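Reader: I am new to reading protein structures. Could you walk me through one, feature by feature?

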Amino acid sequence: MHFSEFATLVSGRLIQLPKDRKIETLVTDSRKPVISEASVFFAIRGERHDGHRYLMELYRMGLRQFVVESAVNVSAMPEANVVEVDSTLTALQQLAIHHRSQFTIPVVGITGSNGKTTIKEWLFQVLSPDIRVIKNPGSYNSQIGVPLSVWGMNESHNLAIFEAGISTTGEMEKLKAIIQPTIGIFTNLGTAHSEGFYSIQEKGNEKARLFKDCKLTLYCNDHPLVEESLRRIDIPTLSWGFNEKADIRVERLEPTRFRITLTDQSFELILPFQDPSMQENAFHVVAFMIYQGYPPVVIQERISHLRAVPMRLELKQGVHRSLLIDDSYNNDLAGLKISLDFLYSQQKSRKVLILSDLLQSGLEEDQLIKRIDSLLKSDLTSFIGVGPVLSKYHDTFPHGQFFPSTDAFLNQLDLAQFADSAVLIKGARPFQFERVVRRLQRKAHGTVMEINLTAMVHNLNYFKSRLKPETKIMAMVKAFAYGSGSEEVANLLQFHRVDYLGVAFADEGVELRKNNITLPIMVMNPSEESFDVMLQHHLEPEVYSLRLFHALLEFLSGRPCSIHLKIDTGMRRLGFVPEDLEEVESLLKQNRHIRVASIFSHLSGADESTHDAFSDNQAKEFIAIADRLEKVLGYRPLRHLLNSPGILRFPQYQFDMVRLGIGLYGIDPTEQGTASLQPVVTLKTIISQIKHAKPGDTIGYGRRGKVSSASTIATLAIGYADGFSRRFSNGNGNVLIHGKLAPVKGNVCMDMTMVDITGIPAKEGDEAIIFGPGLPLQQVAQWIETIPYEILTSTSDRVKRVFFAESI
């Protein structure tokens, strides 16, 4: 769709249209824009924000299409397409409705008070081995999140799964029009987010509107309010439950072993967890799989691999041997009961509840307090209430401790009182109970690599801004995504709609497929032994030699396959040379079942201006060979030549696609070093022990570290087994401690490294930066005369990767 078509679709007033661009990416959050010519920003107004404030900032960043609700100064944005509408949110939803109407695939709509996201994620996990599924990212289930999710639907998907969350009447009708579900799942009905409803019955009826036109809706008939709400709209249903009236009857044989009985079959099922809330979520998934015709053996195999979605209820190790149950995402009565059941099931003899006020119960205060009191069992050792309402009714809980605010609680916190306890931390979001979790959680020791996903998205957007709108991106995630973690990085890139992924070996691509990555994947170093697995997992091999080409053709025996032809234009590494071309052309003519997805080559010296003439010659040779092959093929495959430095220095050779590698991780590989990139990766460790050395002492193996004056030596929890090279030994390398460089003393050991911290006020347990903020990776690489690529990819798998985003 082009911008002018969109303006007509939403009955908007076209203010300015200097160029009728396509619409591909929808942006609603000015903090995380995807900058491209085909991006469009919806300036949405809310209670605490107004997207119109950020129009000029986004324009300066490169965004060129805007949907607004009020007049804007278009003279300051001469290249911008601008349409004015009555409501930007409505316009966004209208666009999503139109997009959804283009598809006839089954769409699963999920709503309820709890479990929506978990069920969605689990359905995605169990169904993805067979079909291509699209779903909401994270908890994108709101009036904005749902249209953004639906916009991601494309021709490759066989099934869609969208969750819908509402907070008042009238909202579900809008989400239903966007999702247009064909199958429904009603999880349960509780008091979370009930302030916008007159009663819980009204809330149930509103949620049930999502399923009005569904062919079938699944639900648990152990929840009478859910059943009543569905009965009111008179739709086909399939129920499961622990009772005889359920269509799918569940009988508990042991804590995790159940018998499932249908009209025509019965089988046993073992769940991989005991938590009641997780079991309930799992049975919704089981019911869906039964409805889809999965045999019991497949259901068991896939259910066995389900794991808790790390989003709401999380188990963490706490101080003084305590176990923390982190349920600080929301706070409602239904969720409190399930969480308390989980707390009571823990083996710790002491059980503690830290609870905030429940803000959206829909009940009068005295009724709410009675309901809370009814949930507290004698098994509970200690109750800590936080908030003015709980404090007001402290007499109801004679053995409790009460604090008016989170700050008041933290100021009087005694960590020892939680020793050997299971502690449930359940708070409404305004109480910021994540601060409580941080105080009670045991600090993780050792070496970790932190990957800043916000910075990675920034870098992706920066490179997109350097490309023509039609130029595609192949993101390289080879070598464990340059040491950062392939699965997590690939998921991020898939969400941000890169066009291709590149891996070095077939097994890397297979792992991505197992983790639900559906993007096309090019394998750069295929082997004959990997042909079968590549075909099974829809991986596309790079073909670079006649030997490999013949072997692949023999294996395929006429079966179709997409390949990428590598041309050697001067790298002298892999690729066909000119004298191979005649035979390549003959093979292509004889084997029309082969689809050439792309023709590509690699610049040898794109990062240095001294090689520019050679790079130009490579490009000319590449163009000539690609033209020659296209004539034989009768169609035009994608062409790509540029890597990260090439993108920055040779815009004239972007062709159809570029390969983005090290630049995505914040490394500017050019000699100028001018790219506005943000560092993505930080490697850090801790000081395990500090010792004082006197003149004449020696440090480490071989006594290589000579002490000439009184020194303070810190032993770090990192060694060459973690990827910290022995070449850093004896002062060749440094680490950063409290902003100061500490040189390596003696030889780097397998698991430890000693550094000289004389004059640095450090203590045991303090952090040491190996590379990251204040200590650029490029500098670290220069110390041992290598390149950042080697440092990144050398980091061992045993080093824990921690992924985070700086803003939401």
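Author: We will take a few features in turn, general idea before the case. One caution comes before the rest: this is a predicted model.

Reader: Let us start with a single residue. Where does H564 sit?

Author: Place a residue in its element, then ask about its surface. H564 belongs to strand β26, which spans residues 561–566.

Reader: Is H564 buried or exposed?

Author: Buried means under 20% relative accessible area. H564 has 0%, so the residue counts as buried.

Reader: What does the side chain of H564 make a polar contact with?

Author: Look for a partner side chain. Here the partner is the side chain of E540, at 2.7 Å. Beyond four places in sequence, H564 also touches other residues, including Y500, M522, P541, F600 and H640.

Reader: Now a helix. Which residues of α21 are buried?

Author: List the buried residues, then see what they pack against. In α21, residues 546–556, they are L546, L548, F549, A551, L552, L553 and L556. These pack against two helices, α20 (531–536) and α22 (581–590), and against strands β25 (539–543), β26 and β27 (594–600). So the strand that holds H564 is among the partners of α21.

Reader: What follows α21?

Author: S557 does, and its phi is positive, near 50°.

Reader: Where else is phi positive in a residue other than glycine?

Author: Check the loops. R321 has phi near 65°. R321 lies in the loop between β15 (314–317) and β16 (323–326). At 53% relative accessibility, R321 is exposed. Q432 is another case, with phi near 50°. Its loop runs between β20 (421–426) and α15 (434–440). Q432 is partly exposed, at 37% relative accessibility.

Reader: How should I think about a core?

Author: In soluble globular proteins, nonpolar side chains tend to be buried together. The largest nonpolar core in this model has 104 residues. L501 and F771 have the most contacts inside that core. Another core lies apart from it, with 40 residues, among them I119, F273, M289 and I299.

Reader: What is F771 in contact with?

Author: Skip the neighbours within four places in sequence. The contacts are then M449, V681, T682, L683, L777, V780, I791 and L792.

Reader: How many cavities of 30 Å³ or more does a search find?

Author: Three, over the whole structure. The largest cavity holds about 50 Å³ of space.

Reader: Which residues line the largest cavity?

Author: Read the names first, then the classes. The lining consists of L683, G723, F724, F728, I770, F771, V780, I791 and T795. Seven of these are nonpolar and two are polar, with no charged residues. F771 appears in this lining, and F771 also belongs to the largest nonpolar core.

Reader: Last one. How far apart are D607 and I647 in sequence and in space?

Author: Compare the two distances. They are 40 residues apart in sequence, and 9.9 Å apart in space, C-alpha to C-alpha. D607 sits in the loop between β27 and α23 (612–633). D607 is partly exposed, at 26% relative accessibility.

Reader: Which residues is D607 in contact with, leaving aside its neighbours within four places in sequence?

Author: They are P645, R649, P669, T670 and E671.

Terms used. Residues numbered from 1 in each chain as written. Predicted model: local features only at pLDDT ≥ 70, side-chain atom pairs only at ≥ 80, totals over all residues. Heavy atoms only, no water. Helix = DSSP H or I, 4+ residues; strand = E, 2+ residues; numbered from the N terminus. Buried < 20%, exposed > 50% of the residue type's maximum accessible area, 1.4 Å probe, protein only. Polar contact = N/O pair within 3.5 Å; in protein donor to acceptor, adjacent residues only side chain to side chain. Contact = heavy atoms within 4.5 Å. 1 Å grid on protein atoms, 1.4 Å probe; cavity = no way out; pocket = protein on both sides within 12 Å on 5 of 7 lines; lining within 4 Å. Points joined across faces, edges and corners; volume = space filled by probe spheres on them. Nonpolar A, V, L, I, M, F, W, Y, C, P; charged D, E, K, R; others polar. Core = buried A, V, L, I, M, F, W, Y, C linked by side-chain atoms within 4.5 Å.
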